[in-house]
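Student: I have a protein model open and I'd like to learn how to read it feature by feature. Could you walk me through it?

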Amino acid sequence: IRVSGIEEVRGPNEAPADYVARLAREKASAVQASDEEYVLAADTTVIVGSHVLEKPHSFEDAAAMLRLLSGRSHTVLTGVCLRHHERLQCGVESTIVHMAEMSEDEITRYASSGEPMDKAGGYAIQGLASKYIQGIEGCYYNVVGLPIRRVYEMLRQAGYRFQR
């Protein structure tokens with residue numbers, strides 16, 4: 001793991017899909033790597049209505065995000081970029097998540113757990129929030145944070161040799 005140092009700031013009027021694609025591309029391009037190495041970078045955001053939800057900055061921010069998501073469907077977008085020999089392959093994966101209604105007590109307890117703090121949209125589908133997920137349309141692993149099938153295809157196209 002190499003930290004790119006890229007600041008994650010959405011540009012004014014930047015479309016969410018363009019935003020995650022740009023961040024993934026910038027992160028992949030910023031990391032030092034030899035010609036033999038494959039650099040994979042990704043960035044995820046959550047869209048609900050007209051709101052773009054990134055990582056919450058506080059308990060209050062996490063609780064506000066959960067209130068927005070409660071009982072609604074939202075879209076998880078992950079920008080992924082693979083760099084090898086200075087060639088970039090980039091794409092965006094989109095998954096729709098249907099979330100059950102959460103009571104104010106459930107929101108408070110979940111936000112207090114600390115789990116939401118480093119997650120786009122303020123929840124982890126694979127963690128404590130799993131009980132609030134009614135269903136998804138698309139790639140589960142995209143919601144976790146890395147669309148595995150897309151990454152596999154990108155690596156294959158880049159000539160990566162998989163071990164048995």
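Tutor: Sure, let's start with how two helices meet. H2 passes H3 in a right-handed crossing. Keep in mind as we go that this is a predicted model.

Student: How do I describe a pair like that, beyond the handedness?

Tutor: Two packed helices are described by the angle between their axes and the distance between the axes. Here, helix H2 covers residues 59-69 and helix H3 covers residues 104-112; their axes come within 9 Å and cross at roughly 135°. That angle makes H2 oblique to H3.

Student: Which salt bridge has one partner in helix H2 and the other in helix H3?

Tutor: Look at Arg67 and Glu104, which form a salt bridge with their closest N and O atoms 2.6 Å apart. Arg67 is in helix H2 and Glu104 in helix H3, so this pair links distant parts of the chain, 37 residues apart. On the surface scale, Arg67 is partly exposed at 42% relative accessibility, and Glu104 is partly exposed with a relative accessible area of 42%.

Student: How many salt bridges does a search of the whole structure find?

Tutor: The search turns up 11. To call one, you look for a side-chain nitrogen of Lys or Arg within 4 Å of a carboxyl oxygen of Asp or Glu. Lys27 and Glu8 pass that test, with the closest N and O atoms 2.9 Å apart. Lys27 lies in helix H1 and Glu8 in the segment before H1, so the pair ties together parts that are 19 residues apart in sequence.

Student: Are Lys27 and Glu8 buried or exposed?

Tutor: The cut-off for buried is under 20% relative accessible area. Lys27 counts as buried because its relative accessibility is 12%. Glu8, at 35%, counts as partly exposed. There's a third player too: Glu8, Lys27 and Asp43 are linked in a network of salt bridges.

Student: What about Arg22 and Glu14, are they buried or exposed?

Tutor: Both Arg22 and Glu14 are buried. They form a salt bridge with each other, and the closest N and O atoms are 2.7 Å apart.

Student: Let's turn to the backbone. What should I look for in phi?

Tutor: Most residues other than glycine have a negative phi, and most peptide bonds are trans. Asn13 has a positive phi of about 60° although it is not a glycine. You'll find Asn13 in the segment before helix H1 (16-30). Asn13 is exposed, with a relative accessible area of 80%.

Student: Where is Glu86 found, and what is its phi near?

Tutor: Glu86 is in the loop between strand E3 (73-84) and strand E4 (87-99). Its phi is near 65°, again a positive value in a residue other than glycine. At 59% relative accessibility, Glu86 counts as exposed.

Student: Last one: which residues form a nonpolar patch on the surface?

Tutor: For a patch like this, you want nonpolar side chains that each have over 30% relative accessible area and join up within 5 Å. Here, the members are Ile136, Tyr140, Tyr141, Val144 and Ile148, and together they have about 420 Å² of accessible area.

Student: Which helix gives the most to the patch?

Tutor: That's helix H4 (residues 140-144), with 3 residues. Tyr141 is found in helix H4, and this tyrosine is partly exposed, with a relative accessible area of 46%.

Definitions and conventions: Residues are numbered from 1 along each chain as its sequence is written. This is a predicted model: local features need pLDDT of at least 70, side-chain atom pairs count only at pLDDT 80 or more; totals for chains, interfaces and linings use all residues. Side-chain values use heavy atoms; hydrogens and water are left out. Patches are made of residues with over 30% relative accessible area and no salt bridge: like charges are joined within 9 Å, nonpolar side chains (Val, Leu, Ile, Met, Phe, Trp, Tyr) within 5 Å. Accessible areas come from the Shrake-Rupley method with a 1.4 Å probe; for residues, only the protein chains shown count as cover. Helices (H or I, at least four residues) and strands (E, at least two) are DSSP runs, numbered from the N terminus. Buried means under 20% relative accessible area, exposed over 50%, partly exposed in between (1.4 Å probe, protein chains only). Axes are lines fitted to C-alpha atoms, for helices over the stretch in contact, and angles run from 0 to 180 degrees between N-to-C directions. Angles under 35 degrees count as roughly parallel, over 145 as roughly antiparallel, 65 to 115 as roughly perpendicular and the rest as oblique. A crossing is left-handed if the near helix is turned anticlockwise from the far one by less than a right angle, and right-handed if clockwise.
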